[in-house]
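Q: Could you take me through the open sheet in this model, strand by strand where you can, and then walk outward to the aromatic contacts, the backbone oddities and the pocket around it? I would enjoy one connected account.

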Amino acid sequence: MSAEANIGVVGLAVMGSNLARNLASREGNTVAVFNRSRSKTDELVAAHPEAEFVPAFSYEEFAASLTVPRTAIIMVKAGKPTDAVIESLMAVFESGDIIIDGGNALFTDTIRRENAVSDAGFNFVGMGVSGGEEGALLGPSLMPGGPDAAWVTLGPILKGIAAVAEGEPCVTHVGHDGAGHFVKMVHNGIEYADMQLIAEAYDLIRRGTGKSPAEIADIFAEWNRGELESYLIEITAEVLRQVDATTGKPLVDVIVDEAGAKGTGAWTVQTALDLGVPVSGIAEATFARSLSSHREQRDVSGSLPGPSPEAFTVADADAFIEQVRLALYASKIVAYSQGFDEIRAGAAQYGWNIDLGAVSKIWRGGCIIRAQFLNRIADAYDADAELPVLLTAPYFVEALGRAQDAWREVVRISAASGIPAPAFSSSLAYYDGLRADRLPAALIQGQRDFFGAHTYRRTDKPGTFHTLWSADRTEIEAEDTH
Ligand SMILES: NC(=O)c1ccc[n+]([C@@H]2O[C@H](COP(=O)([O-])OP(=O)(O)OC[C@H]3O[C@@H](n4cnc5c(N)ncnc54)[C@H](OP(=O)(O)O)[C@@H]3O)[C@@H](O)[C@H]2O)c1
């Protein structure tokens with residue numbers, strides 16, 4: 001077999017085969033393909049002769065078909081399969097070759113893998129890929145990490161296959177080692193929050209105004225023409241409009257109301273907890289999926305007391321719908337702001353130099369959270385790359401100022417009527433927490449000092465103090481035991 005392919009793909013399930021087709025469709029690429037079980041390779045090559053794939057049926061053949069430096073993208077089930085494929089590639093590749101993991105790996109696994117792979121003389125790139133199967137085929141948003149040396153070879157290839165937003169390819173070298181997978185993880189966390197917020201908006205409108213899913217589809221389609229314009233709003237309208245062929249009912253009424261999850265939302269929250277970053281919107285969205293899936297608990301809880309049905313009467317449906325729209329927009333700003341906080345904290349913790357403005361730009365196309373307002377985020381970081389809180393950028397201050405009364409009203413109505421809106425309400429609480437001049441954290445510090453001598457600082461003088469709670473309650477200077 002002669003070395004004729006400049007790029008290879010290992011793993012030809014839906015993501016890998018679509019990415020391989022995308023690569024093959026771009027000028028200058030010849031794509032080698034390999035899958036553990038031969039049938040997927042045969043099917044792909046037979047179905048797409050136009051791609052002129054170079055099929056390989058062993059790792060040795062795969063390596064032999066690639067020009068140097070060999071560059072291979074792994075698109076297999078995340079976890080142990082990824083490790084197995086990396087090991088197999090290392091056995092047949094040579095020093096300087098590039099191994100890219102495009103699966104949904106946990107960033108700490110990517111850091112571990114990069115250490116092991118680079119110690120053996122290879123380049124390893126953990127790359128976040130977003131956009132699902134359609135994105136993989138037509139243009140995903142790509143979030144590669146890894147070493148600078150790999151980016152030299154990889155950059156032009158990835159720029160060729162990525163989605164294009166406003167003339168710019170949706171790919172950037174996010175940072176070293178696990179940075180790409182970290183950013184992809186937070187992307188997915190934001191996606192959870194965005195989806196939950198949209199679902200809460202739908203629920204409030206449906207139960208508040210009695211509108212049908214098809215009517216609410218029209219509302220979302222209308223919203224998609226304004227500042228909420230995004231892929232998720234667009235597909236929400238499509239889903240709500242869909243009628244079940246079997247029953248004639250709206251499909252959304254036939255689907256079991258238990259949301260699944262593949263774990264990236266939980267990773268985002270777990271990592272945020274470790275970093276001490278409050279991503280309350282993402283956390284509420286993740287927990288809301290968990291709650292929905294505990295059918296056994298929901299079954300025994302339906303009789304718990306709630307407000308009387310009269311507690312929720314909407315006098316002016318149009319006005320309420322506009323309030324929900326504003327609440328959605330404000331909560332969405334909070335979710336993104338929290339997500340970008342997590343990226344900044346991760347970058348500081350792991351030593352990555354991540355350009356937050358560039359991240360917001362590569363999310364404008366190809367990925368699931370693509371949205372018009374990512375341009376505003378890019379503007380905010382262009383104006384101040386060190387912006388401590390995204391919410392405080394002038395554009396968002398104006399938007400939140402416009403939305404906040406409606407936001408409060410929607411949260412009030414949700415509480416009074418017993419319609420759960422955990423992401424709306426936690427986002428508002430976060431916003432008010434940030435705004436507060438004084439927080440009750442002072443009381444918590446007092447409590448901690450009382451039971452655990454954890455000490456506190458004073459507002460009026462420097463130093464660390466402890467009150468002798470179990471003695472005469474005088475205050476002494478103490479060593480900080482935070
Ligand atoms: N689906 C999405 O929307 C999406 C979006 C972004 C990222 N991703 C990520 O992209 C990757 C691929 O996703 P997918 O949905 O296309 O496929 P998948 O169902 O996650 O994985 C199936 C592929 O993994 C291969 N595989 C499993 N165990 C293996 C092993 N031990 N050694 C070698 N190959 C092994 C399978 O080969 P066989 O055919 O031999 O079983 C098959 O090619 C995953 O990491 C996923 O998380 C998916």
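A: Happily; what follows starts at the sheet and then moves on to the other features. Please keep in mind that this is a predicted model.

The sheet is an open one built from seven strands, and their order across it is S3-S2-S1-S4-S5-S6-S7. Its pairing is mixed. At the edges sit strand S3 (54–55) and strand S7 (141–144), each of which pairs on one side only. As general background, strands of a sheet pair through backbone hydrogen bonds, in either the parallel or the antiparallel sense.

Let us look at S1 and its partner. Strand S1 covers residues 7–10, and it pairs with strand S2 (residues 31–34) in the parallel sense over four bridges. Two of the facing positions can be named: Gly8 stands opposite Ala32 in S2, and Val10 stands opposite Phe34 in S2. Within S1, Ile7 and Val9 point one way while Gly8 and Val10 point the other. That fits the general rule that side chains in a regular strand alternate between the two faces of the sheet. Both sets are covered here, as Ile7, Gly8, Val9 and Val10 are all buried.

Further along the strand order come S5 and S6. Strand S5 (residues 98–101) is joined to S6 by four bridges, and the two run parallel. Here Ile99 has Phe124 in S6 as its bridge partner. Strand S6 spans residues 123–130, and eight of its eight residues are buried. One set, Asn123, Val125, Met127 and Val129, points one way from S6. The other set, Phe124, Gly126, Gly128 and Ser130, points the other way. As with S1, then, S6 has buried residues pointing both ways.

Now for the aromatic contacts. The structure holds 16 aromatic pairs. One of them joins Phe107 and Phe182 in an edge-to-face arrangement, with 4.8 Å centre to centre and 80 degrees between the planes. This pair links distant parts of the chain: Phe107 belongs to helix H5 (residues 107–119) and Phe182 to helix H8 (residues 179–209), 75 residues apart. Both rings belong to buried residues, since Phe107 has a relative accessibility of 2% and Phe182 has a relative accessible area of 0%. Elsewhere, ring pairs link Tyr329, Tyr336, Phe373, Tyr395 and Phe396 into a cluster. One ring of that cluster, Tyr395, also has an arginine over its face: Arg376, at 5.7 Å from the ring centre. Another arginine in such a position is Arg38, which lies over the face of Phe57 at 3.7 Å from the ring centre.

The backbone has a few spots worth a look as well. In general, most residues other than glycine have a negative phi, and most peptide bonds are trans. The peptide bond from Val68 to Pro69 is cis, with omega near -5 degrees. Pro69 lies in the loop between helix H3 (59–64) and strand S4 (71–74), and S4 brings us back to the sheet, where it stands between S1 and S5 in the order.

Two residues other than glycine have a positive phi. For Glu166 the value is about 45 degrees, and for Asp177 it is near 30 degrees. Glu166 is placed in the loop between strand S8 (164–165) and strand S9 (168–169). Because its relative accessible area is 59%, Glu166 counts as exposed. Asp177 is found in the loop between S9 and H8, and H8 is the helix that carries Phe182 of the edge-to-face pair.

For another loop position, turn to Ala259, between helix H11 (251–254) and helix H12 (264–275). Ala259 is partly exposed, at 34% relative accessibility. From Ala259 to Val92 the separation is 167 residues in sequence and 42 Å in space, C-alpha to C-alpha.

Last comes the second largest pocket, with a volume of about 260 Å³. Its lining is made up of 10 residues, and those nearest its centre are Ala442, Gln445, Tyr456, Arg457 and Arg458. By character the lining divides into three nonpolar, four polar and three charged residues.

How values were computed. Residues are numbered from 1 along each chain as its sequence is written. This is a predicted model: local features need pLDDT of at least 70, side-chain atom pairs count only at pLDDT 80 or more; totals for chains, interfaces and linings use all residues. Side-chain values use heavy atoms; hydrogens and water are left out. On a 1 Å grid over the protein atoms alone, a cavity is a set of points where a 1.4 Å probe fits but cannot get out, and a pocket is an open set with protein on both sides within 12 Å along at least five of seven lines; lining residues have an atom within 4 Å of a point. Grid points are joined across faces, edges and corners, and a volume is the space filled by probe spheres set on the points. Ala, Val, Leu, Ile, Met, Phe, Trp, Tyr, Cys and Pro count as nonpolar, Asp, Glu, Lys and Arg as charged, and the others, Gly among them, as polar. Rings of Phe, Tyr and Trp (its six-membered ring) pair if their centres lie within 6.5 Å; planes under 30 degrees apart count as stacked, over 60 as edge-to-face and the rest as tilted. Buried means under 20% relative accessible area, exposed over 50%, partly exposed in between (1.4 Å probe, protein chains only). A charge sits over a ring if NZ of Lys or CZ of Arg is within 6 Å of the ring centre and within 35 degrees of the ring normal. Two strands pair if DSSP finds at least two bridges between them.
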